[in-house]
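Trainee: I should like to learn how the words used for a structure follow from computed values. May we work through an example together?

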Amino acid sequence: MTITVERLTDKTLKDRGVFNWPIWTKEASTFDWSYDETEECLFLEGQVTVTAKDGRKVSFGKGDFVTFPKGLSCTWHITAPVRKHYNFK
């Protein structure tokens, strides 16, 4: 399962309605997470490294548009507090 990290233009983000999505915040912490649905999110603040159960690590932060696939199990390690728009589909 692949976590996708992209940089999208403001126009693309606006066209997709990203700025109208809910916002989630979380302090620096480490926790396990599993995705029952695909999640798309735009990181407004923060720095995160996610480690998938197979050991692959992906890091991302402010300005990154990240897609987490349905069925992914991973561990989040937040090193700088996160603020992100998110959408499940």
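Mentor: Let us begin with a definition: a residue counts as buried if its relative accessible area is under 20%, as exposed if over 50%, and as partly exposed in between. Please keep in mind that this is a predicted model.

Trainee: Why is Trp76 called buried?

Mentor: Trp76 has a relative accessibility of 2%. The cut-off is under 20%, and therefore Trp76 counts as buried.

Trainee: What makes Phe31 buried and Trp33 partly exposed?

Mentor: Phe31 stands at 18% relative accessibility, so Phe31 counts as buried. Trp33 stands at 41%, so Trp33 counts as partly exposed, since that class covers values between 20% and 50%.

Trainee: Why is the pair of Phe31 and Trp76 called stacked?

Mentor: Two rings pair if their centres lie within 6.5 Å, and planes under 30 degrees apart count as stacked. The ring centres of Phe31 and Trp76 are 5.7 Å apart and the planes are at 15 degrees, so this pair is stacked. Phe31 belongs to strand 3 (residues 29-34) and Trp76 to strand 7 (residues 73-88), so the pair ties together parts that are 45 residues apart in sequence.

Trainee: How many aromatic pairs are found in the whole structure, and what makes the pair of Phe31 and Trp33 edge-to-face?

Mentor: The search finds 12 aromatic pairs. For Phe31 and Trp33, the distance is 6.4 Å centre to centre, with 90 degrees between the planes. An angle over 60 degrees counts as edge-to-face, and this pair is described accordingly. Phe31, Trp33 and Trp76 are among the members of one aromatic cluster, which also includes Trp24 and Tyr35.

Trainee: How do you know that Lys26 lies over the face of Phe31?

Mentor: NZ of a lysine must be within 6 Å of the ring centre and within 35 degrees of the ring normal. Lys26 is placed over the face of Phe31, at 5.5 Å from the ring centre.

Trainee: Why is Cys74 not bonded to Cys41?

Mentor: A disulfide is a covalent bond between the sulfur atoms of two cysteines. The rule requires sulfur atoms within 2.5 Å. The sulfur of Cys74 is 11 Å from that of Cys41, its closest cysteine sulfur, and this is too far for a bond. The count comes to 0 disulfides.

Trainee: Are these cysteines buried or exposed?

Mentor: Cys41 has a relative accessible area of 0% and is therefore buried. Cys74, at 0% relative accessibility, likewise counts as buried.

Terms used. Residues are numbered from 1 along each chain as its sequence is written. This is a predicted model: local features need pLDDT of at least 70, side-chain atom pairs count only at pLDDT 80 or more; totals for chains, interfaces and linings use all residues. Side-chain values use heavy atoms; hydrogens and water are left out. Buried means under 20% relative accessible area, exposed over 50%, partly exposed in between (1.4 Å probe, protein chains only). Rings of Phe, Tyr and Trp (its six-membered ring) pair if their centres lie within 6.5 Å; planes under 30 degrees apart count as stacked, over 60 as edge-to-face and the rest as tilted. Helices (H or I, at least four residues) and strands (E, at least two) are DSSP runs, numbered from the N terminus.
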